[in-house]
Amino acid sequence: MLLEWRDLASSECSAMAEKGVAALVIGSCEQHGLHLPLGTDVYLGEAVMRRAAERAVREVVLLPSVAYGFSAHHMDFPGSITLTQKTLAAMITEVMSGVISAGFTKAVLVVSHGGNSPAVHTAVNELGIAFPQCSVAMLRYWDFMTEFMETLRDSPLGGIGHAGEMETSMMMALYPHLVGDGWENYSLAQGNDWYHPDMFAHNRVTVYRRFRDISPYGNVGVCQDASREKGEKILSYLGEEIGKFLDGYFI
């Protein structure tokens, strides 16, 4: 059951705390190639969690999203805004401290931009130390569909990542009026045996790369195989799988 934190009165918030799960989407404000909006990560993270909360039996209270993230690797492109990892981790920790003070003991931090992962992990650790009575989990929505995307994707390795086949398909399903042109010149992202920027590559190492060094357009992936129908399949699958998680993990 989906509830919006901002729509609740204080008394209603307290009533939800005992059995509800608080969910916080952590996105970004950054370039997404030539054809997708700066807020893509927030749009997608919120849509996924709304689908999951609507599927879940238990109450899921969706907090106002964090719309800025660690995006230093995108700053060569206009419109991108970045926080430091230290600031982001502190912001998440302080927001969730308020959630916990309202009585919530179950929460999920939803990473909707891969660059946020280290800072969110730090926040999970800090919250675990400060509030051992609480259960705070971090999830990256794409980790719930690794095998599913292997069967659904049409582009080869290098076709899914930042503003590629997957994100474009999801935006086509959700906000087609925000999907523009310019992707026709995109090419497959390149990697090696140890690291590849494709979202579903089985990497052995983690590296830092500026997106300008990956592509002159700021993308990772191609869009020739993106479609509204594919995006809806992705969203439906994630809603089911993450909905099961919300019901089954926080017992």
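**Cysteines, H35 and W194 in a predicted model**

Colleague: Is C29 buried or exposed?
Modeller: C29 is buried, at a relative accessible area of 16% (buried is under 20%, exposed over 50%, partly exposed in between, with a 1.4 Å probe and protein chains only). This is a predicted model, in which local features need pLDDT of at least 70 and side-chain atom pairs count only at pLDDT 80 or more, while totals for chains, interfaces and linings use all residues. Residues are numbered from 1 along each chain as its sequence is written, and side-chain values use heavy atoms, leaving out hydrogens and water.

Colleague: How many disulfides does the structure hold?
Modeller: The structure holds zero disulfides (cysteine sulfur pairs within 2.5 Å).

Colleague: Why is C29 not in one?
Modeller: Because its closest cysteine sulfur, in C223, is 20 Å away, which is too far for a bond.

Colleague: And C223, buried or exposed?
Modeller: C223 is buried, with a relative accessible area of 2%.

Colleague: Turning to H35, where is that residue?
Modeller: H35 lies in the loop between β2 (21-26) and α2 (40-55); helices (H or I, at least four residues) and strands (E, at least two) are DSSP runs numbered from the N terminus. H35 counts as buried, at 3% relative accessibility.

Colleague: What does H35 touch?
Modeller: Leaving aside residues up to four places away in sequence, H35 touches A163, T168, L178, V179, G180, D181, W183, Y186 and C223 (heavy atoms within 4.5 Å).

Colleague: Lastly, where is W194, and is W194 buried or exposed?
Modeller: W194 sits in the loop between α6 (165-174) and α7 (211-214). W194 is exposed, with a relative accessible area of 51%.
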